[in-house]
Structures are given as C-alpha cells and as structure tokens.
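Subject: Structure handover

Hello,

Here is the structure you asked to see. My notes on it follow below. Please look them over with the coordinates open.

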Amino acid sequence: MDWQGQKLSEQLMQIMLVAFGIIGFITGYALGSFQTMLYVYAAGVVITSLITIPDWPFFNRHPLNWLDASEVEKHPKPQNTNATSKKKASKK
Amino acid sequence: MHSFAYRANALLTFSLTVLALMCAMASVSDNFNSPSPTSQVQVLNINWFQKKPDGDDEVSLTLNVSANLQSLFTWNTKQVFVFLAAEYETPKNALNQVSLWDGIIPSKEYAVFGIHTNSKYRFIDQGSNLRGKDFNLTLHWHVMPKTGKMSADKIVMTGFKLPDVYR
C-alpha cells in the first residue's frame, strides 16, 4: 500500500464501521430485537475488514517513484570524512 | 496503516468503540418507554401466627399475587426481577420490609401472571409487634437491561391487617 492508499484505508474503515453501527442500531430498534442489531453490526465488521485490511490493488494507485538502480550508481554516497565527526558546530 | 496487523488492530479497537456507543444508545432508548404495570394481591389465609421461642413473632400466609408487567419490557430488557414485600412500622424501626415472595420474569410472555403461593420466605419480626398490625404489601420490580442502566419501581397495596391474637 502506498501513502494515499493507507489514508484511504483508514478513512474507509472508520466511515464503514460507523455506518454499519448506525444501520444496525436503526434496524434493531425498528424490529425490537437486540440480537438483530448485533448480527447486522457483526456482518458490517466482517465486510469492513475484508475491504480495508488486505492489500488490494486499488490502494496502490499512487505508487512512490523510487530512484532507479542505474541512477544510484551515478551519484555515489558521500564519504564519512574527519570534518563531519565534529558535530558540535554543525546543525542537521 | 503500515501493515496488515496494524490495520487489523485499528479496525478491531474502533469496532469495539462503536459497539460501546451503540449499547449506550440502546440504554438511552429505554427512557422513551413509559410503562403502565398493574398488580393485585389477596391474603387468602393466615396459616399460623406464633411467637417463636426466642421472642420474635412469625406469621405464615397464603397469598394470591397477580400482575401485568408486560409494559415494562423493551427491546433492551433481559429480565425483570419481581418481589413482594410486607411493609410495616414498629416502635423500634420506622420501616420494616420483609420479602415474602420473589420471581424472575424472563420475557414478555411470562409477564402476565397469577400465583397462588405460601410465603416463600419466612415472615419474622424483630421483636413481638405483629399482633393487630396494619401492613402494606408492596410489589417491587427491577428491570434488568441487556446493556445499560437498571431501573426499579414499585406498587404499594395497602389495607392488610394481622389478627390481634396468636393462632
């Protein structure tokens, strides 16, 4: 999952759980059955978990562009010289 | 959101929070119910009325208790606990309550009932004050919910009197 996908997954999870909670409550209250409310909500939790937990492709629509391997070789990492060991003067 | 386990944990805890809110709303919905229970009690017979060797009075009654408690049940009611208490005043105590009979009503179908019974528990006074005593028979009930707040109420039935002499 990419970052946008993670945000989408979290939002979907929260909205779906609250929605199923409300639907379950209204259904149970209208039918006068506490058990119905619990079953509807439990089904909602299962559906929500199936949609938001696994790493589906639609969560990966904004993939990160990692640097290509050939580019990495053209720009070698800086060497760790003696000048950088005095950290008191320099701020990151 | 970084891994399967993270998302699963977040979903689980949030779903339980939402469930707690739903149960709170269910409990609040009980307040919209305005019950109208009725009941009636008759003392059919005073079986015996004695002074025990330790000095306390004891009386045994046969009662006929009938009631209609159906309006107390809501979708959020697990059961109703009902008991009948004899209430009277003595010089020593401003209020004496002696439970004579109790029962559990598991659902609305059983909430209309008429019981013909001996007193289930012993009616013993603290002392020897029961001769000629006027007492009330009060039907108390506790409505126990499936989730949330329990409520209790009662109906007071007055006009009962014990005999003046022991039998």
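**The hairpin in chain B**

Start at Gly55(B). This residue has a positive phi near 100° and lies in the hairpin formed by strand 1 and strand 2 of chain B, with 5 residues between the strands. Keep in mind that this is a predicted model.

The two strands of the hairpin run antiparallel. Strand 1 covers residues 38-51 of chain B, and strand 2 covers residues 57-68. They are joined by 12 bridges. For one pairing to check by eye, take Thr38(B): its partner across in strand 2 of chain B is Asn68(B). As a reminder for reading the side chains, those of a regular strand alternate between the two faces of the sheet.

**Chain A**

Chain A has 3 helices and 0 strands. Along the sequence the pattern reads α-α-α. The chain has 92 residues, and 23% of them count as buried. Look also at the contacts in chain A between residues at least 6 apart in sequence: 66% of these join residues at least 24 apart.

The exposed area of chain A is about 7,300 Å². Carbon and sulfur atoms account for 63% of that area.

**A nonpolar patch**

Which residues make the nonpolar surface patch? They are Leu8(A), Val46(A), Ile47(A), Leu50(A), Ile51(A), Trp56(A) and Phe58(A). The patch measures about 570 Å². Helix 2 of chain A, residues 34-52, gives the most to it, with 4 residues.

Val46(A) is worth a click. This residue sits in helix 2 of chain A. Is Val46(A) exposed or partly exposed? Its relative accessibility is 48%, so Val46(A) counts as partly exposed. The cut-off for exposed is over 50%.

**Where chain A meets chain B**

Interface size is often quoted as the accessible area lost when the parts come together. Here, chain A and chain B bury about 2,000 Å² between them. Carbon and sulfur atoms give 83% of that area. On the chain A side, Phe25(A), Phe34(A) and Ile53(A) lose the most area to chain B. Together these three make up 33% of what that side buries.

How many residues does each chain bring to the contact? Chain A brings 26 residues and chain B brings 22 residues. As for charge pairs, the rule finds 0 salt bridges across the interface of chain A and chain B.

Over to you.

Best wishes

Terms used
Residues are numbered from 1 along each chain as its sequence is written. Chains are lettered from A and ligands numbered from 1 in the order in which they are written. This is a predicted model: local features need pLDDT of at least 70, side-chain atom pairs count only at pLDDT 80 or more; totals for chains, interfaces and linings use all residues. Side-chain values use heavy atoms; hydrogens and water are left out. Two strands pair if DSSP finds at least two bridges between them. Buried means under 20% relative accessible area, exposed over 50%, partly exposed in between (1.4 Å probe, protein chains only). Contact means heavy atoms within 4.5 Å. Accessible areas come from the Shrake-Rupley method with a 1.4 Å probe; for residues, only the protein chains shown count as cover. Patches are made of residues with over 30% relative accessible area and no salt bridge: like charges are joined within 9 Å, nonpolar side chains (Val, Leu, Ile, Met, Phe, Trp, Tyr) within 5 Å. A salt bridge is a side-chain nitrogen of Lys or Arg within 4 Å of a carboxyl oxygen of Asp or Glu. Buried area is the accessible area (1.4 Å probe) that two parts lose on being put together, summed over both.
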